[in-house]
Amino acid sequence: MMLSTPLPSTTLWRLDEQGVSSGNSLQWLGQGKVLLIGVPGAFTPTCSNQHLPGLLASKDALQAAGITTLACMAVNDAFVMAAWGRQLGAEGNIQMLSDGQAELTLALGLQQDASARGMGIRCKRFALLLENGVITRAWVDEPGRFELTSAEHILAELR
């Protein structure tokens, strides 16, 4: 993935008070300093026990480092992403976005085939720092790993 390139323009989904809505990735992630994490799946062990909780626990420190928006994306539907966010207390803290058709995942080249585990095409575990819609930093973990994309690692890199 090339840094200093614009975030691809694709459709993302989310569930809010009005129901499921779609929006352009740049519309929802293109303003300010955004930390977007991508996870292989909502409700999966590492994502639920470490990745998203770590992001939530580090919200204040990330904001102090200049992050204006925290967002989490997975190749799951908007209902699953919303339910997962509610379960972990992300509502109002982290945008829970669905890349249900893997459009953004594929456009970024961050897909993995998890068919052997019954999950189909999913995104790799990643974190992107976006500044006004431009990718300025990227961290991608190898499949099965959780190191580079942890909130602690990202905070250390931003300092």
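Modeller: Two strands count as paired if DSSP finds at least two bridges between them. The structure discussed here is a predicted model.

Biologist: In which sense do E2 and strand E3 pair?

Modeller: Strand E2 covers residues 11-16, and strand E3 covers residues 19-24. DSSP has to find at least two bridges before strands are said to pair, and E2 and E3 have six. The sense of this pairing is antiparallel.

Biologist: How many residues does the hairpin that joins E2 to E3 pass through?

Modeller: E2 ends at residue 16, and E3 begins at residue 19. The link between these strands is a hairpin, and the number of residues in it is two.

Biologist: Which residue in E3 stands opposite leucine 12?

Modeller: The two strands pair in the antiparallel sense. Arginine 14 has serine 21 of E3 as its bridge partner. For leucine 12, the residue opposite in E3 is glycine 23.

Biologist: Which residues make the nonpolar surface patch of about 280 Å²?

Modeller: Residues enter such a patch with over 30% relative accessible area. Tryptophan 13, in strand E2, qualifies on that count because its relative accessible area is 32%. The patch is made by Trp13, Val20 and Phe79.

Biologist: How many disulfides does a search of the whole structure find?

Modeller: A disulfide is a covalent bond between the sulfur atoms of two cysteines. The sulfur of cysteine 72 has its closest cysteine sulfur in cysteine 47, at 7.6 Å, so this pair is too far apart for a bond. For cysteine 123 the closest cysteine sulfur is also in cysteine 47, at 8.1 Å, again too far for a bond. The number of disulfides found in the whole structure is zero.

Biologist: Is cysteine 72 buried or exposed?

Modeller: A residue is called buried when its relative accessible area is under 20%. The relative accessible area of cysteine 72 is 0%, so cysteine 72 is buried.

Biologist: What is the relative accessible area of histidine 51?

Modeller: Histidine 51 is found in helix H2, residues 45-57. Leaving out residues up to four places away in sequence, it touches Ile37, Gly38, Val39, Thr46, Arg125, Phe126, Phe146 and Thr149. Histidine 51 is buried, and its relative accessible area is 2%.

Biologist: How far apart in sequence are the parts that the pair of glutamate 157 and arginine 137 ties together?

Modeller: Glutamate 157 and arginine 137 form a salt bridge, with the closest N and O atoms 2.5 Å apart. Glutamate 157 lies in helix H6 (residues 151-158) and arginine 137 in strand E10 (residues 134-140), so the salt bridge ties together parts whose separation in sequence is 20 residues.

Biologist: With which residue does the side chain of glutamate 147 meet in a salt bridge?

Modeller: The structure holds two salt bridges. In the one made by glutamate 147, the N to O distance is 2.2 Å, and glutamate 147 is partly exposed at 39% relative accessible area. The partner is also partly exposed, at 44%. That partner is arginine 145.

Terms used
Residues are numbered from 1 along each chain as its sequence is written. This is a predicted model: local features need pLDDT of at least 70, side-chain atom pairs count only at pLDDT 80 or more; totals for chains, interfaces and linings use all residues. Side-chain values use heavy atoms; hydrogens and water are left out. Patches are made of residues with over 30% relative accessible area and no salt bridge: like charges are joined within 9 Å, nonpolar side chains (Val, Leu, Ile, Met, Phe, Trp, Tyr) within 5 Å. Accessible areas come from the Shrake-Rupley method with a 1.4 Å probe; for residues, only the protein chains shown count as cover. A salt bridge is a side-chain nitrogen of Lys or Arg within 4 Å of a carboxyl oxygen of Asp or Glu. Helices (H or I, at least four residues) and strands (E, at least two) are DSSP runs, numbered from the N terminus. Buried means under 20% relative accessible area, exposed over 50%, partly exposed in between (1.4 Å probe, protein chains only). A disulfide is a pair of cysteine sulfur atoms within 2.5 Å. Contact means heavy atoms within 4.5 Å.
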